[in-house]
Amino acid sequence: MKKRYYCKRLNETLNFDALKVFYCCATRTGPSIDVPSPKNVKNIIKKRNSLIRMLDKGIVPKECEDCFDLHEKENAKPLFLSAFEKIPKANLIIVKHFKQCDCSCIYCCEQYLSKRKIVLKSKKSDYYDLLPIIEECYRQDIIDKKELDVHFQGGNVSVLDEFESLVDIFMKNGVKRVEIATNGIKYLPKIAEIAGKTFVDVNISIDSGCKETFKKIKTVDKFEDVIQNLKKYVKLPILLRLKYIIVRGINDNIDEINKYIELMHEIGITNSELMIDQCDNEFISEGEFKIPDYYYDLFKFYKEKCTQYNIKANIWEYVKEILDKGSFFK
Ligand SMILES: C[S@@+](CC[C@H](N)C(=O)[O-])C[C@H]1O[C@@H](n2cnc3c(N)ncnc32)[C@H](O)[C@@H]1O
Ligand code: SF4
Ligand code: SF4
């Protein structure tokens, strides 16, 4: 029987990045289309449709070869019997078409485009305005209004001029879930405005438990501002997650992780994430990112201390895999 494939991510995602729209969030080399504009929305849809149809016909696009998200269909009946069959609407929109930020984390993967320039006032994306494109996507009816999940990444939304208007258009169209990743330096009143009206997930990367370490990582002296904002966010009906990326030689010690967890306990935050800096060149040895032995002690301590305070100690699946393998690429 003829092989047919599908990819859940492709069926769901429109990922607006700086120079391209990606059709998935899995990899930077996944299928994409060049710089978008409202006029180009038809082409974005056309390419998406053709990718979904290709997989359904058993043809794997070059960009999807060997991807772990590519699945062979068990029941190999064609999804699209005719060229007029409806294509699934997108239900995950990722907003990362801007790279400006009001700090400059030493680990940040996005900063290569913004050249580490710290931006304090809201400004337009250096690449394109997303709002007219989203309006056009709604007009073209390719967004699933009942199931839409929007992830704001970036850059930092606190310095994106379109942030509030984008939230408004998604809210007006019944968005199911809004996830905002931010550094927490500037308070975002929009979060309080939509809290309780839709599911809001705010995830703040603080990466430290004190002012000194915060400054070394984020390169701005704004630890106290983040604390004040966390105290406001924690009172809202939202899912608030605090995040700590282990950075070699700076916050990779039990003392700092202890301070971070004590801080969460003091403020009343009950969700935490511990991650590993993916860009640390010092991990590289013979082409592999080796995980140092003492990182295992940090994760062990983290889990035990969080349990003591009833804090959910989340560790992402891919971080667990890296720890199991002992390296990033093995
Ligand atoms: C680029 S940031 C943009 C959103 C927001 N400015 C923030 O910091 O949360 C998106 C996510 O990528 C994570 N990130 C950035 N660089 C990373 C790295 N080198 N290793 C692991 N995670 C990283 C950040 O912690 C953040 O959660
Ligand atoms: S198969 Fe992989 S690369 Fe292709 S669209 Fe899906 S997630 Fe992206
Ligand atoms: S706050 Fe986010 S976007 Fe800004 S530098 Fe840090 S990780 Fe990058």
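How many bridges pair strand β6 with strand β7, and in which sense, parallel or antiparallel? The two strands, residues 92-96 and residues 149-152, pair in the parallel sense over 4 bridges. This is a predicted model.

**Parallel strands**

Isoleucine 93 has valine 150 of β7 as its bridge partner. β7 also pairs with β8. That pairing runs parallel and has 4 bridges. Here aspartate 149 is matched with arginine 177 of β8.

β8 covers residues 177-182 and returns below, as one of the elements that give two or more residues to the shell around ligand 1.

**The chain as a whole**

The secondary structure comes to 11 helices and 14 strands. The C-alpha trace spans about 60 × 45 × 40 Å along its principal axes. The radius of gyration is 21 Å; for 330 residues a compact globule would have a value near 20 Å, so the two agree. Of the 330 residues, 35% count as buried. Among contacts between residues at least 6 apart in sequence, 75% join residues at least 24 apart.

**Three ligand shells**

Each ligand has its own shell of residues, set out here by class.

| Ligand | Residues in shell | Closest residues | Classes |
|---|---|---|---|
| Ligand 1 | 18 residues | Tyr107, Asn156, Ala181, Ser205, Gln278 | 8 nonpolar, 7 polar, 3 charged |
| Ligand 2 | 14 residues | Cys7, Cys24, Gly30, Cys64, Cys67 | 9 nonpolar, 2 polar, 3 charged |
| Ligand 3 | 12 residues | Cys101, Cys105, Cys108, Asn156, Asn183 | 4 nonpolar, 7 polar, 1 charged |

Tyr107, Asn156, Ala181, Ser205 and Gln278 are the closest residues to ligand 1. Two elements give two or more residues to this shell: β8 (177-182) and β10 (239-246). Asn156 is listed among the closest residues to ligand 1 and among those closest to ligand 3. For ligand 2, the closest residues include Cys7, Cys24, Cys64 and Cys67, along with Gly30. For ligand 3, they include Cys101, Cys105 and Cys108.

**Helix α8**

Which residues of α8 are buried? In this helix, residues 223-233, they are Phe223, Val226, Asn229, Leu230 and Tyr233. Down the helix axis they fall within an arc of 125 degrees, so they line one face. Glu224 and Gln228 lie on the other side and are exposed. The cover over the buried residues includes α6 (189-194), β9 (199-205), α7 (211-218), β10 and α9 (254-267). β10 also contributes to the shell around ligand 1.

An α-helix has 3.6 residues a turn, so residues three or four places apart point the same way.

**Helix α4**

α4 takes in residues 131-139, with Ile133, Ile134 and Cys137 buried. These residues fall within an arc of 100 degrees seen down the axis, so they too line one face of the helix. They pack against α2 (41-56) and α5 (163-172). After α4 comes aspartate 141, with a positive phi near 60 degrees.

**Backbone features in loops**

Where does the cis peptide bond from glycine 154 to glycine 155 have its omega? Its omega is near 15 degrees. Glycine 155 sits in the loop between β7 and α5.

Aspartate 66 has a phi near 65 degrees, positive in a residue other than glycine. It lies in the loop between α2 and β5 (71-72). Aspartate 66 counts as exposed because it has 6 C-beta neighbours inside 10 Å, and 12 or fewer is the cut-off for that class.

Threonine 219 is not a glycine either, yet its phi is positive at about 65 degrees. Its place is the loop between α7 and α8. With 15 C-beta neighbours inside 10 Å, threonine 219 counts as partly exposed.

**Arginine 9**

Is arginine 9 buried or exposed? It counts as buried, because it has 20 C-beta neighbours inside 10 Å; the class begins at 20. Arginine 9 belongs to helix α1, residues 8-12. Tyrosine 23 is 14 residues from arginine 9 in sequence, and their C-alpha atoms are 7.5 Å apart in space.

Note on methods. Residues are numbered from 1 along each chain as its sequence is written. Chains are lettered from A and ligands numbered from 1 in the order in which they are written. This is a predicted model: local features need pLDDT of at least 70, side-chain atom pairs count only at pLDDT 80 or more; totals for chains, interfaces and linings use all residues. A residue is near a molecule or strand if its C-beta atom, placed from the backbone, lies within 6 Å of it. Ala, Val, Leu, Ile, Met, Phe, Trp, Tyr, Cys and Pro count as nonpolar, Asp, Glu, Lys and Arg as charged, and the others, Gly among them, as polar. The arc is that of the directions from the helix axis to the C-beta atoms. Two residues are in contact if their C-beta atoms, placed from the backbone, lie within 7 Å. The radius of gyration is taken over C-alpha atoms; the globule rule is 2.2 Å times the number of residues to the power 0.38. Two strands pair if DSSP finds at least two bridges between them.
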